[in-house]
Amino acid sequence: MMNVSQIINYIKETGHNPYSDEKLSNSDIFYIDTLTDHYKTLSDEIESVIKDSNVNSVLELGSYMAVGSHLAREAGIKEITCSDMYDLPDDSLYKKWLKSKNINYQHFDLTKKPQDEFIKKYDCIIFQETLEHIPHNPARILLNVNQMLNDGGVLIFSVPNFYSVRSIINLLKFSHPYVKKEELLDIDSVTERSGVHWIEFDSKLINNIVKFCNYKVLSYNKNNIKYGSLIRYRIKNLIKIIMPSVFDQHRFILQKEKDFATYLDTREKIISEHEALNI
């Protein structure tokens, strides 16, 4: 079993921010501390995938402080690459920091089809809490990610639930359920470029998307994240018992179902109606 706390402490003490290329700030450290429970769940998911599949290569998309990559390194994966929103220069301190653990950095534009050299390249891809930050059709993005997986490869995947306690409270206040005005109006900030949630997903929508995009669902969990007070976390879990659709996060382990060419030849044709017809 991985020592997640030890790995997180190493990252906090030695890590660099990929956006500023500076040592981690108090804000970065607060963020990683807040999501410790999330990372412990991710470590369990990585170990589960390694146990059930032959995994020699891992790609972490939306890596930020590369916690998933460091967990994969601790688990003994040989080839590890992480990726975030910027194409970083060779002298980047962030890239040098990763290299000290033999972790590669490669920028991908997930809105575009991957280049040929990255088709069927990875046995496992970690893609957590990132899809919602990309202002593009999520199905297109998941199809591009699917092409980077080897046949039978595994995607460790999570996205926020639309019907979280936070979103419901905001809707009751007649506010946007998950976007704050400051996130859009702080022009040229990291938050404006990468911190906005452009979409969140209910259970039916995200399950329909992943199944359409050539993934077989190996596991699916409706999860609450333990951030903030323990009392708040317990309240959220109690609400989930009463109203099972109200939770923080959809967590999946998915497997590439078909060779991509076969998928294209056999996938279901879906016709959308103009939104005016849905009124």
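This is a short talk on the fold, the cores, the empty spaces and a few single residues of one protein chain.

Hi everyone, and thanks for coming. One thing before we start: what you have in front of you is a predicted model, so please listen with that in mind.

Let's begin with the whole chain. It has twelve helices and seven strands. The radius of gyration is 19 Å, close to the 19 Å that the globule rule gives for 279 residues, so the chain is as compact as a globular protein of that length. If you put a box around the C-alpha atoms along the principal axes, that box comes out at roughly 55 × 50 × 40 Å. Of the 279 residues, 46% are buried. And how do the contacts run along the sequence? Taking contacts between residues at least 6 apart in sequence, 71% of them join residues at least 24 apart.

Now to the inside. As a reminder, in soluble globular proteins, nonpolar side chains tend to be buried together. Here the largest nonpolar core has 35 residues. Which of them have the most contacts inside that core? They are Ile11, Leu71, Tyr94 and Leu98. Several elements give two or more residues to this core: the helices are α1 (4-14), α3, α4 (67-74) and α5 (93-99), and the strands are β2 (79-83), β4 and β5 (149-160).

Let me zoom in on Ile11 for a moment. If we leave aside its neighbours within four places in sequence, Ile11 is in contact with Leu24, Ile32, Met65, Ala66, Val67, His70 and Trp97. Apart from this largest core there is another one, of 30 residues, and its members include Leu61, Ala139, Phe157 and Tyr215.

Next, the empty spaces. Rolling a probe the size of a water molecule over the atoms shows where empty space is left. In this model there is one cavity of 30 Å³ or more, and the volume of the largest cavity is about 30 Å³. Who lines it? You will find Ile46, Val49, Ile50, Val55, Val58, Ile77, Cys124 and Ile126 around it. The elements giving two or more residues to that lining are α3 (36-52) and β4 (122-128), with α3 providing the largest share, three residues. By class, the lining has eight nonpolar residues, no polar ones and no charged ones.

There is also a pocket I'd like you to look at, the second largest, with a volume of about 470 Å³. It is lined by 19 residues, and the closest to its centre are Asn137, Ala139, Leu143, Phe212 and Arg267. Ala139 is a name you have just heard, as one of the residues in the core of 30. Three helices give two or more residues to the pocket lining, namely α6 (138-148), α10 (203-212) and α12 (260-266). Of the elements, α6 gives the most, with five residues. What is the mix of classes here? The lining divides into nine nonpolar, six polar and four charged residues.

To finish, a few single residues that you may like to click on. Start with Thr81, which sits in strand β2. Is Thr81 buried or exposed? Its relative accessible area is 5%, under the 20% cut-off, so Thr81 is buried. Beyond its neighbours within four places in sequence, Thr81 is in contact with Val58, Leu59, Glu60, Ser69, Asn104, Tyr105, Gln106 and Tyr122. Val58, you may recall, also lines the cavity.

Then have a look at the backbone of Tyr64, in the loop between β1 (57-61) and α4. Phi of Tyr64 is near 55 degrees, a positive value in a residue other than glycine. Tyr64 counts as buried, at 17% relative accessibility. Lys120 also has a phi near 55 degrees, again positive in a residue other than glycine. Lys120 lies in the loop between β3 (104-105) and β4, and it is partly exposed, with a relative accessible area of 35%.

My last stop is Thr34, in helix α2 (residues 26-34). Thr34 counts as partly exposed, at 22% relative accessibility. Setting aside neighbours within four places in sequence, Thr34 is in contact with Lys226 and Tyr227. Its C-alpha atom is separated by 18 Å from that of His16, which is 18 residues away along the chain.

That's my tour. Thanks for listening!

How values were computed. Residues are numbered from 1 along each chain as its sequence is written. This is a predicted model: local features need pLDDT of at least 70, side-chain atom pairs count only at pLDDT 80 or more; totals for chains, interfaces and linings use all residues. Side-chain values use heavy atoms; hydrogens and water are left out. On a 1 Å grid over the protein atoms alone, a cavity is a set of points where a 1.4 Å probe fits but cannot get out, and a pocket is an open set with protein on both sides within 12 Å along at least five of seven lines; lining residues have an atom within 4 Å of a point. Grid points are joined across faces, edges and corners, and a volume is the space filled by probe spheres set on the points. Helices (H or I, at least four residues) and strands (E, at least two) are DSSP runs, numbered from the N terminus. Ala, Val, Leu, Ile, Met, Phe, Trp, Tyr, Cys and Pro count as nonpolar, Asp, Glu, Lys and Arg as charged, and the others, Gly among them, as polar. A nonpolar core is a set of buried Ala, Val, Leu, Ile, Met, Phe, Trp, Tyr and Cys residues joined through side-chain atoms within 4.5 Å. Buried means under 20% relative accessible area, exposed over 50%, partly exposed in between (1.4 Å probe, protein chains only). Contact means heavy atoms within 4.5 Å. The radius of gyration is taken over C-alpha atoms; the globule rule is 2.2 Å times the number of residues to the power 0.38.
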